[in-house]
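I sat down with this one to see what holds the inside together and where the charges go. My notes follow in the order I looked things up.

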Amino acid sequence: MAYQGGTLKSTSINGVKVYTIASQHRSLATWLSAKKVKSLRKNKDYMRRVELIQELRFEVATKKIKFTPDGQYLIATGTYKPKVKVYELGQLSLKVERVFDADIIDFEILDEDYSKLAFLCDDRSICLHAKYGKHYSLRIPRMGRDMEYDCWSCDLLCAASSPDLYRINLEQGRFLAPLSTQSPALNVVSRSKIHGLVACGGDDGAVECFDMRTRSSVGRINAVAPAGDADEEVTALEFEGTYNLAVGSSGGKILLYDLRSSSPTIIKDHMYGSKILDIKWHRTLNSEQPKLITTDQHIVRIWDPATGEGMTSIEPEAGTTINDICVFKDSGLMFLALDSSHIPPYFLPALGPAPKWCSYLENLTEELEESGQTTIYDHFKFLTKQDLERLNLAHYIGTDYVRAYLHGYFIDNRLYKKAQSQVDAFEYESYIEQRKQEKLEAERASRITIKRKLPKVNRGLAARLLENEEAEAETETRDADDKKKSKKKGLTTEILKDERFAAMFENKDFQINEFSQEYLALHPASKKPQSLVSEHFDPIMGDDDKNFSDSDVSMESQSSEDEIHDGKDNARKKSRAPRLYEVKDERHAEAFANRVSLAKEDALPLGERVAALEAAQTSRVVDDIKFGPGGSREISFKSRSSAKYKEDEEAKDSSRGKRRGVQSLGLKPDRSLFRGRGRGRGRGRGHGRGRGRGWR
């Protein structure tokens with residue numbers, strides 16, 4: 001036992017309300033008791049179900065669907081097995097069901113009702129049916145693709161994979177001479193109901209028209225070339241009025257032609273890239289001008305043929321492929337043939353009123369108006385084509401996952417988040433780390449901390465001791481279960497309380513000079529001397545040192561700093577050859593000797609630097625030194641004593657050349673270089689040509 005039906009849902013697309021009956025097919029087990037079945041009256045979904053037509057479904061898929069000209073019957077074909085169903089709309093139920101031997105490609109209604117039908121099957125057969133059943137069957141030379149009935153001459157026109165348009169006269173019961181075209185194969189055929197002109201669309205993109213009175217071609221143009229698709233095919237044709245012709249291409253574009261012109265008036269793109277399945281000109285009482293309803297495999301678009309502006313669009317749920325569309329005459333009701341068992345009806349009040357046989361739809365929509373309604377934008381993310389390419393989702397264009405809309409595309413939020421996390425994986429990880437750090441800082445701020453006042457002397461050292469102690473406390477808390485953890489600790493804040501070291505933080509004589517030679521020798525990773533070296537000196541490039549740069553200095557200092565502060569990691573030790581540096585100029589040499597940085601002075605604007613130089617030109621003497629513009633200096637000095645002068649003369653005589661000393665930089669010369677006693681020739685004190693005691 002099963003019940004069929006659905007719930008009426010409302011969506012708003014471009015401000016136009018679209019009502020649809022969502023499918024609900026639920027089966028009940030046959031062994032359930034009558035009491036369980038009777039309890040369905042308490043089921044809200046069962047009581048609120050809307051069943052427009054009983055058994056309006058196929059087992060697998062629906063292929064074609066049409067209304068009869070009198071508006072009393074609905075005919076649909078589907079699978080599986082291949083069959084046709086005729087529904088009587090006055091009774092809202094199934095009237096006739098017939099099974100075929102082959103799949104049905106297309107069918108034509110030859111009378112006002114279902115009494116005369118012609119079916120084009122995929123085994124090259126054409127089956128003629130009457131009310132009582134199958135009447136006659138015949139075969140055409142090639143595989144058929146489309147079919148049209150000419151009621152004036154009683155000819156059944158068949159477009160096939162052939163350049164000939166086959167004609168079957170149903171009055172005489174025989175084939176007539178075919179209409180030959182210049183296309184290699186024909187995809188679609190259409191006929192005007194006003195002047196009887198027959199148009200054929202070929203797979204070469206050409207449209208050729210025939211006059212059935214003379215059975216000859218009256219015109220041929222390449223209809224899809226103006227849209228920039230020279231290799232596309234014509235897949236849909238439809239006449240309107242006397243001169244209008246709509247052409248659909250396999251590239252998803254619609255071109256509107258005036259038969260008096262070879263250029264299209266409007267070109268409309270579905271933006272899905274799939275072929276146009278059907279084109280319908282729809283006239284209603286709501287508008288004076290007709291609307292165009294164009295369909296491809298993904299979407300149904302309703303738009304104004306005069307301006308090309310879209311009115312609204314319809315997309316089936318779950319991205320099901322569309323096979324055909326049926327629009328009831330002079331109303332806003334339509335049915336979609338999908339690749340699913342359900343045939344969903346759609347009702348658009350803005351397009352037209354409800355038909356008489358389902359006039360209760362208007363009452364239902366009025367009640368639904370009072371409740372909330374969803375929009376097409378719910379659970380979707382709007383992206384441009386550039387965004388899709390950035391997320392590596394461009395290959396989804398034309399599929400059910402990406403829906404074209406205006407100048408961009410709608411994509412499901414779940415797919416968007418997944419693609420975003422894959423593309424920005426590194427950013428996501430950094431974001432997670434940042435959130436962790438923020439939580440840790442928030443926990444630290446919430447803790448009760450004791451504010452300690454730093455001493456006036458060696459304030460920096462005391463601050464570092466406090467930071468190290470807090471870091472060690474956090475590490476102990478984190479690694480409480482680690483038994484192998486070393487218990488060795490360095491300096492802590494206990495020395496601040498120790499009387500033996502109290503003077504170190506009270507007496508100014510114990511202030512640590514971070515620029516002294518002793519401090520720099522004990523702390524080679526200090527950033528200040530390295531920054532001064534890179535600022536005041538240029539490295540001398542040798543043949544074996546072409547790739548050396550100032551960045552090596554910072555890298556070396558960084559690595560040494562890591563070796564000192566990170567006891568767990570074994571830092572890589574690289575042997576480096578001695579580097580040679582050359583001072584930039586005298587100004588930088590004196591600044592380096594005084595441990596002064598010129599970065600702030602060089603960063604000043606040009607106007608301020610000129611003003612400073614002009615002010616500096618005024619001779620201000622500090623320690624017998626006059627400063628001039630451009631870093632020039634004027635030094636006054638006194639001659640030294642004769643004893644010191646004589647000592648320098650002896651040192652000068654003992655050397656053969658003038659050696660560049662390092663005393664100008666304030667450094668002490670290394671005396672170990674001048675203590676050799678060998679026989680060799682040297683340039684220094686104690687390295688004369690005299691014979692002395694040496695190694696033998």
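Before anything else, I wrote down my cut-off: a residue is buried when its relative accessible area is under 20%, exposed when over 50%, and partly exposed in between. I also reminded myself that this is a predicted model.

**Entry 1: the aromatic residues**

I started with the rings and got 7 aromatic pairs. I picked out Phe67 and Phe328, whose ring centres lie 4.5 Å apart with the planes at 90 degrees, so I logged the pair as edge-to-face. Phe67 belongs to strand β3 while Phe328 is in the loop between β27 (322-327) and β28, so this pair ties together parts 261 residues apart in sequence. I then checked Phe328 against my cut-off: its relative accessibility is 10%, so it counts as buried. Phe67 comes out at 14% and therefore counts as buried too. Following the ring pairs onward, I found Phe67, Phe328, Phe335 and Trp357 linked into a cluster.

**Entry 2: the nonpolar cores**

Next I asked myself which residues have the most contacts inside the largest nonpolar core. They are Ile53, Leu74, Leu333, Phe335 and Trp357, in a core of 22 residues. I looked at which strands feed it, and β3 (61-67), β4 (73-79) and β28 (333-338) each supply at least two residues. The largest share, 3 residues, comes from β28. I clicked on Leu74 and, skipping its neighbours within four places in sequence, listed its contacts, including Ile53, Leu56, Ile65, Phe67, Val86, Tyr87, Leu89 and Cys326. Lys66 and Lys85 are on that contact list as well. Apart from this core I noted another one of 17 residues, with Val300, Ile322, Val327 and Leu351 among them.

**Entry 3: salt bridges**

I moved on to the charged side chains and counted 15 salt bridges. I wanted to know how far apart the closest N and O atoms of Asp106 and Lys66 are. The answer is 3.6 Å, and the two form a salt bridge. This pair links distant parts of the chain, since Asp106 is in strand β7 (residues 104-109) and Lys66 is in strand β3, 40 residues apart. Is Asp106 buried or exposed? I found it buried, at a relative accessible area of 5%. Its partner Lys66 is partly exposed, at 21%.

Arg167 and Asp155 make another salt bridge, with the closest N and O atoms 3.4 Å apart. Here Arg167 sits in strand β13 (residues 164-169) and Asp155 in strand β12 (residues 155-160), 12 residues apart. I marked both of these residues as buried.

I also looked at a network of salt bridges, which links Glu59, Lys83 and Glu97.

**Entry 4: Arg260 and charges over rings**

Arg260 turned up twice in my notes. Its side chain meets that of Asp258 in a salt bridge, 3.0 Å from N to O, and Arg260 also lies over the face of Tyr243, at 4.0 Å from the ring centre. I checked accessibility for the bridged pair: Asp258 is buried at 19%, whereas Arg260 counts as exposed at 62%. With a buried cut-off of under 20%, Asp258 at 19% is on the buried side.

My last lookup was Trp152, where the charged end of Arg191 sits over the ring, 4.7 Å from its centre.

Methods. Residues numbered from 1 in each chain as written. Predicted model: local features only at pLDDT ≥ 70, side-chain atom pairs only at ≥ 80, totals over all residues. Heavy atoms only, no water. Core = buried A, V, L, I, M, F, W, Y, C linked by side-chain atoms within 4.5 Å. Buried < 20%, exposed > 50% of the residue type's maximum accessible area, 1.4 Å probe, protein only. Helix = DSSP H or I, 4+ residues; strand = E, 2+ residues; numbered from the N terminus. Contact = heavy atoms within 4.5 Å. Salt bridge = Lys/Arg side-chain N within 4 Å of Asp/Glu carboxyl O. Phe/Tyr/Trp six-rings, centres within 6.5 Å; stacked < 30°, edge-to-face > 60°. Lys NZ or Arg CZ within 6 Å of the ring centre and 35° of its normal.
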